[in-house]
Each structure stands twice: as structure tokens, then as C-alpha cells.
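Me: I would like to learn how to read a fold from its coordinates. Can you take me through one example, feature by feature?

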Amino acid sequence: MPDLVKRLVRICKVGAIVAVGVGVVRAARRSGSPAVTGQATWQPLVDEPGATKRTGMVQFTEPATLTVASTPAPTWVEPVDGACPLSHPIKGNAGSGIFHVPGGMSYERTVPERCYATEADAEADGFRRAKR
């Protein structure tokens, strides 16, 4: 058993020596900061022709009216607590692309991902009606 301990201590010493050596080599390889010559390597900024310089107080013009592109309102809503609201009773399953209507065979056990107000809305969104 003492031989095993001596062997482990020897291995740890060698590992420490190697780690210090690697650190010294890495530190020697690092390059220093670039030399500062005091000369700019880019062109100085030049005023554009025709640009007017302004001094004094800044005057603002009337704000332009913003036009927002009207996007159609979504035809579906998120389920609330895993159920569709009364205004959107049709359950849509995005994974299968199928929608279920109230009274259908799988309606009660279907967990909705989207809820639609009408069958036409579900079909317009790319879903098809369940066969049963």
C-alpha cells in the first residue's frame, strides 16, 4: 500500500511540473499590444457638398402620421386552461391538422392547440374536419 501512495505522489508532482511548464509557454507566446505610432490609418471625415450646417436651437417639424399596415385579426384563439372558450368551440390540433366540432366522436378527449369560432375559419387556416 505505501508503494501505491508514493506512486500517486510522484504522478501528482509530474503533473504539477507539466502544468507550470504549459503556463510558461503560453505566457511567452502571447503577443503584446499593437504598437502605437500616432498616425491615423483612415481618411479624415469630410463634409458632404451641399450639406448645410445648423447652429442654434433645434426646431422640430410636425410629426408625420404613421400608417400601420392592417393585418387581419387571427381567426383563432389560444385555449384557456386546456379548453376552448364558448365563443370559439371548435378544437384544432396543429400536429395533425384536424379540427373537431362539438358532438364529434373525439371532441371531448381532444386537447386543443387552437380554438376556432367557425368551421370556415379552421379550414381557411389549413385544417380539415375530423371524419368522425
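Reply: We go from the overall layout to the sheet, the core, the salt bridges and a few single residues. Keep in mind that this is a predicted model.

Me: Start with the layout. How many helices and strands does the protein chain have?

Reply: The general idea is to list the elements, then read their order. Here the chain has 2 helices and 5 strands. Along the sequence they follow the pattern α-β-β-β-β-α-β. Helix 1 covers residues 2-29.

Me: And the totals? What share of the residues counts as buried?

Reply: Of the 132 residues, 14% count as buried. The accessible surface comes to about 11,900 Å². Carbon and sulfur atoms hold 59% of that surface.

Me: How do I read contacts by sequence separation?

Reply: Take the contacts with a separation of 6 or more, then ask how many span a long stretch of chain. In this chain, residues 24 or more positions apart account for 56% of those contacts.

Me: Now the sheet. In what order do the strands lie?

Reply: Read a sheet from one edge to the other, not along the sequence. The order here is 1-4-2-3-5, in an open sheet with mixed pairing. The edges are strand 1 (76-77) and strand 5 (128-129), each of which pairs on one side only.

Me: Which strands pair with strand 2, and in what sense?

Reply: Check each side of the strand in turn. Strand 2 (residues 90-93) pairs with strand 4 (residues 114-116) in the antiparallel sense, over 3 bridges. Strand 2 also pairs with strand 3 (residues 98-100), again antiparallel and over 3 bridges.

Me: Which residues stand opposite each other?

Reply: Between strands 2 and 4, K91 stands opposite C115. I90 has Y116 as its bridge partner in strand 4. On the strand 3 side, N93 stands opposite I98.

Me: What joins strand 2 to strand 3?

Reply: For a hairpin, count the residues between the strands and look at the backbone angles of the turn. These two strands form a hairpin with 4 residues between them. In the turn, G97 has a positive phi of about 75 degrees.

Me: Next, the core. What should I expect?

Reply: In soluble globular proteins, nonpolar side chains tend to be buried together. Here the largest nonpolar core has 6 residues: I90, F99, V101, Y116, A122 and F127. Two of these names, I90 and Y116, have already come up as bridge partners.

Me: What does V101 touch, beyond its neighbours within four places in sequence?

Reply: V101 is in contact with I90, Y107, E119 and R129. E119 and R129 also form a salt bridge with each other.

Me: Then let us do salt bridges. How many are there, and where?

Reply: Find the closest N and O atoms, then place both residues in the fold. A search of the whole structure finds 2 salt bridges. In one, E119 and R129 bring their closest N and O atoms to 3.0 Å. E119 lies in helix 2 and R129 in strand 5, so the pair ties together parts that are 10 residues apart in sequence. Both are partly exposed: E119 has 30% relative accessibility, and R129 has 42%.

Me: And the other pair?

Reply: D125 forms a salt bridge with R114, with the closest N and O atoms 2.5 Å apart. D125 sits in the loop between helix 2 (119-124) and strand 5, while R114 is in strand 4, 11 residues away. D125 counts as partly exposed at 31% relative accessibility. R114, at 23%, is partly exposed as well.

Me: What about nonpolar groups on the surface?

Reply: Look for exposed nonpolar side chains that lie together. L4, L8 and I11 form such a surface patch, with about 300 Å² of accessible area together. L8 lies in helix 1.

Me: Try me on single residues. Is T110 buried or exposed?

Reply: Compare the relative accessibility with the cut-off: buried means under 20%. T110 has 11%, so it is buried. T110 belongs to the loop between strand 3 and strand 4. Not counting residues up to four places away in sequence, T110 touches K91 and H100.

Me: Is R132 buried or exposed?

Reply: R132 is exposed, with a relative accessible area of 68%. R132 lies in the segment after strand 5. Leaving aside neighbours within four places in sequence, R132 is in contact with G104 and M105. The C-alpha atoms of R132 and Y107 are 9.6 Å apart, with their positions 25 residues apart along the chain.

Conventions: Residues numbered from 1 in each chain as written. Predicted model: local features only at pLDDT ≥ 70, side-chain atom pairs only at ≥ 80, totals over all residues. Heavy atoms only, no water. Pairing = 2+ DSSP bridges. Core = buried A, V, L, I, M, F, W, Y, C linked by side-chain atoms within 4.5 Å. Buried < 20%, exposed > 50% of the residue type's maximum accessible area, 1.4 Å probe, protein only. Contact = heavy atoms within 4.5 Å. Areas by Shrake-Rupley, 256 points an atom, 1.4 Å probe, with all protein chains shown as cover. Patch = residues over 30% accessible without salt bridge, like charges linked within 9 Å, V, L, I, M, F, W, Y side chains within 5 Å. Salt bridge = Lys/Arg side-chain N within 4 Å of Asp/Glu carboxyl O.
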